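Subject: Structure for your review

Dear colleague,

Please find below the structure that I am handing over to you, followed by an account of what was found in it. I would be grateful if you read the two side by side.

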Amino acid sequence: MTEERLTHVSAAFSRRFSGEPAFIARAPGRVNLIGEHTDYNDGFVMPCALSFDVLMAVRSRPDETVVLHSANFPGDASFPLDDIEKSGIKWAQYIKGVAWAMQEAGYPLRGADVALEGDVPVGSGLSSSAALEVAACLSLAHNSGHVIPGPEMAQICKRAENEFIGVPSGIMDQFISAVGQDGHALFLDCRDLSFEHIPFDPDAAGLAMVVADTSKHRGLTEGVYAKRVEECEEAVRLLKQFIPGMKNLRDVTFDEFQIHQPHLPDVIRCRARHVVSENARVLGAREALKAGVYEGLGALMNASHDSLVADYECAGPHLEAMVTASRSIPGVLGSRMTGAGFGGCTVTLLRKESLAQFMAEVPGLYQEAISVLPKESDLVPHLYAVSASGGARVL
């Protein structure tokens, strides 16, 4: 976030509503270091917040209407707080859903004029939707005189995404956006929402972290994500017959899975194997970070990606091409897809002295690899050297 962006969103507010906003709220996107498709299985994840964020300039209104203006997308939107319907401009639905979920949770809201601006790449897997949701929750709460703890904000936003938007996502994205800390990764238990901030400063260790956007975007409402959720639920249904007390795949050790996996159909076995092994990798990554063993973290990132390709089948040619290109650069410790997959971004941990070569060579290697794909050979990737940022706050 820069002063230029703060000025930009304030100016957008003034042009649309006249006068100055009462405050500006910020909520970040995230990159998940490891722990993919474990969150909706009650498992473990380890993301960090990024400097990419959504800013909202806000001022109260005397009525019970929320009026929305975006500096990124054409068209304004408005809705009455006492009759929220899912209709109209797509991006506004996330804010409507949050307002609905907040009131369902017992937080009465005041009307507001809101101008928003974001730089989280949309559809890239860096959680632009969660950043929008958490920014909306913080903005509407602050405007209405409520102080909502970060974990509760995350739960409200998850309910908005699940029940109002209709995406059966877990809670990781909203949680890290709400509670992230500068220079730290977040270890989160998605069952009981206990969490731990773990120091994560690659720069101090002579390393760098790069997020690479393949420019192949995807939408989670297209059905493939929901299909993976259903497949995991089927694995749980079948394994419960053999593992007493099991509630979710989180409860299955890898030894137990090895014993009982013959009872699962091939596809269901693969999905469950990824989730069970990924939870173990996240626990290993937590210990590696605590010990400052970044090489260990990198190896686990590589194993995570390989499992997502082979067992979860959620990478696709663009992400596979980007990871292959990234791993070809000397000094790379680990590289994997991040986010739900089916397009989006990768995250790579590498030695700082390799960063210039990485940024110079990976785009060309990626474009060469996808040149054989029909209609998508001209996609231009975007690479960002990033660090762990703080979570949502009123500025």
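I begin with a cation placed on an aromatic ring: the charged end of R286 sits over the ring of F187, at 4.2 Å from the ring centre. Please bear in mind throughout that this is a predicted model.

Overall dimensions

The protein has 395 residues, and its radius of gyration of 21 Å agrees with the value near 21 Å that a compact globule of that length would have. Along the principal axes, the C-alpha atoms occupy a box of roughly 60 × 50 × 45 Å. The secondary structure consists of eleven helices and twelve strands. Of the 395 residues, 57% are buried. Considering contacts between residues at least 6 apart in sequence, 71% connect residues at least 24 apart.

The four-stranded sheet

One open sheet is built from four strands in the order β9-β10-β8-β11, and the pairing is antiparallel. Strands β9 (332–338) and β11 (382–386) stand at the edges; each has a single partner strand, so one side of each lacks a neighbour in the sheet. On average, and ignoring direction, neighbouring strands of this sheet are turned by 20° against each other.

Helix α9 (residues 294–310) packs on this sheet and touches β8, β9 and β10 (345–351). The direction of α9 makes about 35° with that of β9.

Strand β8 deserves a separate description. Seven bridges join β8 to β10, and the two run antiparallel. On the β11 side, β8 (residues 207–213) is joined by five bridges, again in an antiparallel arrangement. Individual partners can be named: A208 stands opposite L350 in β10, M209 has V386 of β11 as its bridge partner, and V211 stands opposite Y384 in β11.

How many residues of β8 are buried? The count is seven of its seven residues. Both faces of β8 are covered, with L207, M209, V211 and D213 buried on one side and A208, V210 and A212 buried on the other.

Helix α10 (residues 317–327) also belongs in this part of the account. Its buried residues are H318, L319, A321, M322, V323, A325 and S326. The buried residues of α10 pack against β8, α9, β9, β10 and α11 (355–370).

Aromatic pairs

The structure contains eight aromatic pairs, and I describe two of them here.

In the pair of Y40 and Y225, the ring centres are 5.4 Å apart and the planes stand at 65°; since the angle is over 60 degrees, the pair is edge-to-face. This pair links distant parts of the chain, with Y40 in the loop between β1 (23–34) and β2 (44–60) and Y225 in helix α6 (residues 224–239), 185 residues apart. Y40 counts as buried at 14% relative accessibility, and Y225 is buried with a relative accessible area of 6%.

F200 and Y294 form a tilted pair, with 6.2 Å from centre to centre and 40° between the planes. Because F200 lies in the loop between β7 (195–199) and β8 while Y294 lies in helix α9, this pair ties together parts that are 94 residues apart in sequence. F200 counts as buried at 2% relative accessibility, and Y294 is buried with a relative accessible area of 10%.

Backbone angles

Two residues other than glycine have a positive phi and may merit your attention when you inspect the backbone. For H37, phi is near 65°. H37 lies in the loop between β1 and β2, the loop that also holds Y40. Is H37 buried or exposed? At 4% relative accessibility, H37 counts as buried.

For S127, phi is about 70°. S127 lies in the loop between β5 (112–118) and α3 (128–143). With a relative accessibility of 8%, S127 counts as buried, because this value is under 20%.

With kind regards

Conventions
Residues are numbered from 1 along each chain as its sequence is written. This is a predicted model: local features need pLDDT of at least 70, side-chain atom pairs count only at pLDDT 80 or more; totals for chains, interfaces and linings use all residues. Side-chain values use heavy atoms; hydrogens and water are left out. Two strands pair if DSSP finds at least two bridges between them. Axes are lines fitted to C-alpha atoms, for helices over the stretch in contact, and angles run from 0 to 180 degrees between N-to-C directions. Contact means heavy atoms within 4.5 Å. Rings of Phe, Tyr and Trp (its six-membered ring) pair if their centres lie within 6.5 Å; planes under 30 degrees apart count as stacked, over 60 as edge-to-face and the rest as tilted. Buried means under 20% relative accessible area, exposed over 50%, partly exposed in between (1.4 Å probe, protein chains only). A charge sits over a ring if NZ of Lys or CZ of Arg is within 6 Å of the ring centre and within 35 degrees of the ring normal. The radius of gyration is taken over C-alpha atoms; the globule rule is 2.2 Å times the number of residues to the power 0.38.
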